[in-house]
Protein chains: 2
Amino acid sequence: MTDNAFPVTERNKVKRVPLRGAYDRESVFAVLDACHICHVGYVVDGQPYVTPTLLWRDGDTLYWHGSSASRMLRTVKTGVDVCVTASLFDGWVLARSGFHHSANYRSVMAYGKARALETEAEKDAALKVMMDGLFPGRWEEIRPSTKQELKGTTVVAMRIEEAAAKVRTGGPVDDDADYALPVWAGVLPARQIYEAPVADAKLAEGTLFPTTLAGYLPD
Amino acid sequence: MTDNAFPVTERNKVKRVPLRGAYDRESVFAVLDACHICHVGYVVDGQPYVTPTLLWRDGDTLYWHGSSASRMLRTVKTGVDVCVTASLFDGWVLARSGFHHSANYRSVMAYGKARALETEAEKDAALKVMMDGLFPGRWEEIRPSTKQELKGTTVVAMRIEEAAAKVRTGGPVDDDADYALPVWAGVLPARQIYEAPVADAKLAEGTLFPTTLAGYLPD
């Protein structure tokens, strides 16, 4: 626990395998910033819903967005309690017994209440942060947002009240007696890659793949 | 809509871009079976929680498991309403305006109530289905489950009451006037790969990488 940590309460305390849990901003932000796609949990009339959406962050505040007609956005912007979960799968951990099989992963559960950004200028500024995070330089290349587009878009902001990161890395941990078994054990590491870009068939003549997207080219 | 579809209610109806929604078992199962990691949404005292976990399926029934001490499992096994969401990110869709940027993805939201499997034999049979799905043949190679391990494991089963798949594929769809702009547009396709397996340092002498895991070897 460091001074730069989120408070620990019954809500965010990591109960199973507490050694894997972390509450400091550095650990929490590292996972959130690596994720892009998160899962937003909210409740309508007692029924939980979990909606996948694009996530971005500015300091302690998480942002997501979509059509103003979205049930998820119409609900969360009323300030109800929300749980935002981001997770990355890093591979399978194969042990000598079924019981000790596991997965390597990085995850964060973040709690708070969201509010909708009100003005078109606020929304446009937040969308620029999103775009700059994903595709630095692209915001300046594309056609600017129109008033109508910003009107039809809801952007919500949620200051993180509490959060916990939970991470597993490394190989299997087997029962002592099982290490003598002739069973292959180890890790099958997984990661996400990008494949060759697919240009739109209707590109204006002479339009080249921009240097601003070079980071997405395959090795 | 086919005869082999889940019912459509206010809960699972795809409201935004309904053309992307599907309720037939084939579409729903294709996404669930490709996912492995899902996000389970549940409510405790009005607070939503979203927990990532390993998912598997047998017919209309979804399964997940973990330590019997898990808050998530202790809650969902009481038969409360649960939303299980599985999603796969397939790439970024880059348009000529910010507004038409999107992502390609496959997702399912499934609704139902879970129950805990009761006997050790039931649990072990369900864990075999999980293992056979992920690593065919491995169940027979590993050390069998003990009574104590099965006792400490909760396996829950949720028959899907309602579900919807939502899928986006293909390139950007821009405003007519924007096609003339000299802005690169297209898809940055993403996928998950496995890297070279990392053998545990304590393998019993002479233990080879098993043919049952050959499907996980990199190309």
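Which residue stands opposite A:Ala22 in E9(A)? The legends below take up this pairing and other details of the predicted model.

**Figure 1. Strand E9 of chain A and its antiparallel partners E1 and E7.** In answer to the opening question, A:Ala165 in E9(A) is the residue that faces A:Ala22. Strand E1 of chain A covers residues 21–22, and two bridges connect it to strand E9 of chain A, residues 162–168, in an antiparallel arrangement. Strand E7 of chain A, residues 102–116, also runs antiparallel to E9(A), and here seven bridges make the connection. In E9(A), the residue opposite A:Tyr105 is A:Arg168.

**Figure 2. Overview of chain A.** Chain A contains four helices and 11 strands. Its C-alpha trace extends over about 65 × 45 × 35 Å along the principal axes. Of its 219 residues, 39% count as buried. Among contacts in chain A with a separation of 6 or more, 71% are between residues 24 or more positions apart.

**Figure 3. Helix H3 of chain B and its buried face.** Helix H3 of chain B comprises 15 residues, 120–134. At 1.5 Å a residue, the expected span of this helix is 21 Å, and the end C-alpha atoms of H3(B) are 21 Å apart, so expectation and model agree. The buried residues in H3(B) include B:Lys123, B:Ala126, B:Leu127 and B:Met130. Viewed down the helix axis, the buried residues of H3(B) lie within an arc of 100 degrees, and therefore line one face of the helix. Four elements of chain B pack against these buried residues: strand E4 (56–58), strand E5 (61–67), helix H4 (147–151) and strand E8 (153–159).

**Figure 4. Surroundings of A:Arg191 in strand E10 of chain A.** A:Arg191 belongs to strand E10, residues 186–194, of chain A. Because 12 other C-beta atoms lie within 10 Å, A:Arg191 is classed as exposed. A:Phe89 is 102 residues from A:Arg191 in sequence, yet the two C-alpha atoms are 7.5 Å apart in space. Apart from neighbours within four places in sequence, A:Arg191 is in contact with B:Ile193 and B:Glu195. B:Ile193 is also the bridge partner of A:Arg191 in E10(B). The strands concerned, E10(A) and E10(B), run antiparallel and are joined by five bridges.

**Figure 5. The side of chain B that touches chain A.** Contacts link 72 residues of chain B with 72 residues of chain A. On the side of chain B that touches chain A, at least two residues each come from strand E2 (37–44), strand E3 (47–54), strand E6 (81–94), strand E7 (102–116), H3, strand E10 (186–194) and strand E11 (198–199). E10(B) supplies the largest share, nine residues. By residue class, this side of chain B consists of 41 nonpolar, 17 polar and 14 charged residues. Of the interface residues of chain B, 100% are also interface residues in chain A, so the copies meet through the same surface.

**Figure 6. The axis relating chains A and B.** Chain B is superposed on chain A by a rotation of 180 degrees with 0.0 Å of shift along the axis, and the RMSD is 0.0 Å. This is the relation of a two-fold axis. Within chain B, B:Gln192 has the C-alpha nearest the axis, at 2.1 Å from it.

Technical notes
Residues are numbered from 1 along each chain as its sequence is written. Chains are lettered from A and ligands numbered from 1 in the order in which they are written. This is a predicted model: local features need pLDDT of at least 70, side-chain atom pairs count only at pLDDT 80 or more; totals for chains, interfaces and linings use all residues. Copies are superposed by least squares on the C-alpha atoms of residues with pLDDT of at least 70 in both. Two residues are in contact if their C-beta atoms, placed from the backbone, lie within 7 Å. Two strands pair if DSSP finds at least two bridges between them. The expected span of a helix is 1.5 Å times one less than its number of residues. A residue is buried if 20 or more other C-beta atoms lie within 10 Å of its own, exposed if 12 or fewer, and partly exposed in between; C-beta atoms are placed from the backbone. The arc is that of the directions from the helix axis to the C-beta atoms. Ala, Val, Leu, Ile, Met, Phe, Trp, Tyr, Cys and Pro count as nonpolar, Asp, Glu, Lys and Arg as charged, and the others, Gly among them, as polar.
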